[in-house]
Amino acid sequence: MSTNNYIESNKDRFLSELFDILRIPSISADSAYAGDVRKCAEKVAEFMKAAGADNVVLEETAGNPIVYGEKIIDPSLPTVLVYGHYDVQPSVPNELWNTPPFEPTIIDDKIYARGACDDKGQFFMHVKAFETMMQTNTLLCNIKFMIEGEEEVGSNNLGTYCKSHKDKLKADVILISDTAIIANDCPSIDVGLRGLSYVEVEVTGPRIDLHSGVYGGAVANPINALCTMIASMHDENRHITIPEFYNDVAEVSAEDRAALGRIPFDLEDYKKHLDIADVQGEKGYTTIERTGIRPTLDVNGIWGGYIGEGAKTVLPSKAYAKISMRLVPNQSSEKITEIFQKHFESIAPAGVTVKVTPHHGGEPVLTPTTSIAYNAAAMAMKETFGVDPIPTRGGGSIPIVALFEKELETKTVLMGFGLDSDAIHSPNEHYGIFNYFKGIETIPQFFKYFAQLSQ
Ligand code: BES
Ligand code: MN
Ligand code: MN
């Protein structure tokens with residue numbers, strides 16, 4: 001039986017099994033869900049085994065377990081290491097979902113659930129593609145699976161695991177489906193990801209919350225101060241004002257920028273989809289460049305003072321914000337965190353003190369476009385989509401990709417099948433049934449071409 005016939009005749013089960021995974025609320029950010037995270041790992045291991053993998057284990061870490069499994073058909077053949085993550089972002093605010101986030105629901109040929117696209121729907125394509133190759137006798141490379149449970153909280157324990165399991169994880173390429181394509185009739189492959197530097201800031205004014213009439217105007221208000229400080233970190237051209245921030249930013253060649261300019265992109269559709277009247281960003285760059293090749297600074301959350309019902313007249317003692325900086329080659333997250341801290345402390349007005357606490361970070365990466373693996377992915381997509389994929393830059397971060405390169409000396413191919421409009425991390429996340437099966441169809445082609453080109 002051909003791989004496509006096998007997929008076709010198992011369509012319903014491939015969907016219902018994904019639904020079993022989607023029903024488990026494996027939210028890594030919230031310790032209340034630790035039991036569900038483990039349950040999800042066990043379920044993934046079960047499906048991996050059922051698909052035909054050997055030596056399936058939950059690898060214990062200081063945090064959530066990593067699901068490992070493998071099929072070594074012939075040590076002389078190339079080995080593909082498939083990475084993905086079974087943990088998901090929190091679903092809150094739940095009231096903004098049209099269907100329950102952990103009750104997968106199909107509407108208009110899309111699967112609605114937290115993790116449907118990021119990354120359960122996408123890593124599970126690999127499990128089903130592997131089953132398909134096993135059942136149709138078409139597995140032409142060795143395969144190793146590493147599906148982790150802490151990607152959404154910074155993969156803190158995965159680096160240690162990789163460092164201490166170098167032999168076990170030895171592979172010729174790392175294959176990841178955790179990114180997007182441009183459109184269903186316009187496939188693409190991310191050849192870069194941004195890095196991340198994430199900090200939390202605390203601004204402290206008076207010892208306690210004060211009456212805003214009795215003291216207002218005479219005592220520095222930490223929320224006012226925080227807002228001024230945040231506003232000052234961009235100039236009128238939306239350029240970041242932190243000294244030395246751009247020092248290590250790699251200039252992208254005119255040729256590469258021209259290529260980015262040829263990527264199909266409809267600004268009107270983009271604005272309409274987001275319900276915004278206009279876009280905003282660094283002067284001199286297009287929207288695609290702003291998310292692909294330029295670093296950014298964004299407030300992710302800000303709080304302090306009184307936010308309950310009605311009005312309470314209070315001059316707050318404290319103000320807080322969570323700030324992310326997306327980084328591009330060759331910025332270093334450690335260095336950027338350091339210069340942010342130094343700068344933020346230096347701009348604090350008299351009357352407040354500030355504290356900067358670093359959270360997780362990650363390094364930006366570029367993946368090769370001339371490798372056998374990239375070519376295999378491009379040929380596979382060409383075969384199943386009917387057109388050549390376009391190399392693009394992903395705006396998000398998968399910090400472990402840089403770590404794989406450092407610890408395992410192995411390069412990655414980012415063959416994702418999501419869409420930017422899939423609402424990952426947002427309410428009503430979804431994944432197209434078309435995309436799910438297109439992935440399951442394309443992955444065996446990748447294995448075929450990777451084996452062929454490796455000879
Ligand atoms: N799958 C995403 C990253 C992504 C999405 C890359 C779209 C390219 C295009 C991943 O799960 C993610 O959300 N990563 C986090 C980083 C992590 C350290 C929390 C991110 O980018 O915010
Ligand atoms: Mn992801
Ligand atoms: Mn994510």
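Is Asp118 buried or exposed, judged by its relative accessibility? At 7% relative accessibility, Asp118 counts as buried, because the cut-off for that class is under 20%. This is a predicted model, and Asp118 is a good place to start a tour of its metal site.

**Two manganese ions and a shared residue**

Asp118 bridges the manganese ion (ligand 2) and the manganese ion (ligand 3), and the two ions lie 3.6 Å apart. His85 sits in strand E3 (residues 79-85), while Asp118 is in the loop between strand E5 (110-112) and helix H4 (120-135), so this pair ties together parts that are 33 residues apart in sequence. The protein donors of each ion are set out here.

| Ion | Protein donors | Distance to the ion | Citation |
|---|---|---|---|
| manganese ion (ligand 2) | His85 (NE2), Asp118 (OD), Asp178 (OD), Asp178 (OD) | 2.0 to 2.3 Å | |
| manganese ion (ligand 3) | Asp118 (OD), Glu152 (OE), Glu152 (OE), His425 (NE2) | 2.1 to 2.6 Å | |

Around the manganese ion (ligand 2), the six donor atoms make angles of 57 to 166 degrees, and the site is irregular. Its donor residues follow the spacing H-x32-D-x59-D along the sequence.

The manganese ion (ligand 3) also has six donor atoms, and their angles of 55 to 155 degrees make the arrangement irregular. For this ion the donor residues are spaced D-x33-E-x272-H. Glu152 and His425 link distant parts of the chain, 273 residues apart. Glu152 lies in the loop between strand E6 (142-148) and helix H5 (158-164), and His425 in the loop between strand E19 (418-419) and strand E20 (430-432).

How do these donors stand with respect to the surface? His85 counts as buried at 0% relative accessibility, and Glu152 is likewise buried at 12%. His425, at 41% relative accessibility, counts as partly exposed.

**The second largest pocket**

Let us turn to a pocket in the model. The second largest pocket has a volume of about 410 Å³. It is lined by 20 residues, and those closest to its centre are Val191, Asp256, Leu366, Thr369 and Arg393. Which kinds of residue make up the lining of the second largest pocket? They divide into 13 nonpolar, four polar and three charged.

Helix H7 (254-261) and strand E17 (390-394) each supply at least two residues of this lining. The largest share, four residues, comes from E17.

Methods
Residues numbered from 1 in each chain as written. Chains lettered and ligands numbered in written order. Predicted model: local features only at pLDDT ≥ 70, side-chain atom pairs only at ≥ 80, totals over all residues. Heavy atoms only, no water. 1 Å grid on protein atoms, 1.4 Å probe; cavity = no way out; pocket = protein on both sides within 12 Å on 5 of 7 lines; lining within 4 Å. Points joined across faces, edges and corners; volume = space filled by probe spheres on them. Nonpolar A, V, L, I, M, F, W, Y, C, P; charged D, E, K, R; others polar. Donors = N, O, S within 2.8 Å, 3.2 Å for Na, K, Ca; no water. Tetrahedral: all angles 85-135°; square planar, octahedral: opposite > 155°, others 65-115°. Buried < 20%, exposed > 50% of the residue type's maximum accessible area, 1.4 Å probe, protein only.
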